[in-house]
Amino acid sequence: MRKSRKWLIIAAALLLVLGIGATIAYLVSSPATVHNTFTVGNVSITLQETTGAEYKLAPGVALPKDPTVTVKADSEACWLFVKVEKEPALDAFCTYEIQSQWTPLPGQNGVYYCQAAKADTDQVYSILADNRVTVKDTVTEQALAAMTPYPTMKFTAYAIQSEGISTAEDAWQALS
């Protein structure tokens with residue numbers, strides 16, 4: 001009987017140890033791991049014109065001029081800006097309009113903006129309406145011949161990722 005009692009005590013102790021171990025295993029959890037990867041956003045643009053760099057002025061003539069900004073495929077959503085700089089004489093001789101998708105930036109002469117969404121393909125934004133500059137028909141050949149310096153136009157494009165920037169003014173400020 002002593003042997004059976006000894007085995008009974010050993011079996012009870014074993015059950016007690018297993019019970020405590022199972023309870024502890026149930027109450028303790030394994031640590032979970034979370035891995036994060038941080039990447040840099042990408043905004044890529046190009047500015048190009050296919051119609052040339054020098055133009056012959058003649059009264060009433062519409063000159064082809066097609067400066068375009070392209071937001072490259074897979075760029076992040078961005079604020080897109082174009083700055084139009086010109087000689088003051090240009091307005092005396094020519095007219096042009098900015099494409100309607102561009103909005104003048106308040107307080108910044110000659111700066112226009114729009115927003116570009118993230119896209120899988122290139123997005124092309126024309127700057128000038130109808131891709132042209134028109135010489136005023138009231139301009140005389142004598143005025144054109146006496147013109148110095150010749151009028152010029154310069155276009156510069158800028159872009160900045162729009163996430164975290166709520167207004168065009170803030171985006172422009174961040175670019176400056």
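Contact here means heavy atoms within 4.5 Å. The exercises below concern a predicted model.

**Exercise 1.** Find the strand that holds T68, decide whether T68 is buried or exposed, and list what T68 touches.

Solution.
- Step 1: T68 belongs to strand β3, residues 68-71.
- Step 2: The relative accessible area of T68 is 12%. Buried means under 20%, so T68 is buried.
- Step 3: Leaving out residues up to four places away in sequence, T68 touches T46, L47, Q48, V124, Y125, S126 and I127.

**Exercise 2.** Place K65, judge its burial, and name the partner of its side-chain polar contact.

Solution.
- Step 1: K65 sits in the loop between β2 (62-64) and β3.
- Step 2: With a relative accessible area of 8%, K65 is buried.
- Step 3: The side chain of K65 makes a polar contact with the side chain of E49, at 3.0 Å.
- Step 4: Residues touching K65, beyond four places in sequence, include E49, Y55, L128 and F155.

**Exercise 3.** Describe the position and surroundings of A119.

Solution.
- Step 1: The loop between β7 (111-116) and β8 (123-126) contains A119.
- Step 2: A119 has 19% relative accessibility and therefore counts as buried.
- Step 3: Apart from neighbours within four places in sequence, A119 is in contact with A73, D74 and S75.
- Step 4: From A119 to V71 the separation is 48 residues in sequence and 8.9 Å in space, C-alpha to C-alpha.

**Exercise 4.** Which elements have the lowest and the highest mean pLDDT?

Solution.
- Step 1: The protein averages a pLDDT of 86, and 87% of the residues score at least 70.
- Step 2: Helix α1 (residues 2-27) has the lowest mean, 68, and strand β6 (residues 103-104) the highest, 98.

Methods. Residues are numbered from 1 along each chain as its sequence is written. This is a predicted model: local features need pLDDT of at least 70, side-chain atom pairs count only at pLDDT 80 or more; totals for chains, interfaces and linings use all residues. Side-chain values use heavy atoms; hydrogens and water are left out. Helices (H or I, at least four residues) and strands (E, at least two) are DSSP runs, numbered from the N terminus. Buried means under 20% relative accessible area, exposed over 50%, partly exposed in between (1.4 Å probe, protein chains only). pLDDT is the predictor's confidence in each residue, from 0 to 100. A polar contact is a pair of N or O atoms within 3.5 Å; within protein, one must be able to donate a hydrogen and the other to accept it, and residues adjacent in sequence count only if both atoms are side-chain atoms.
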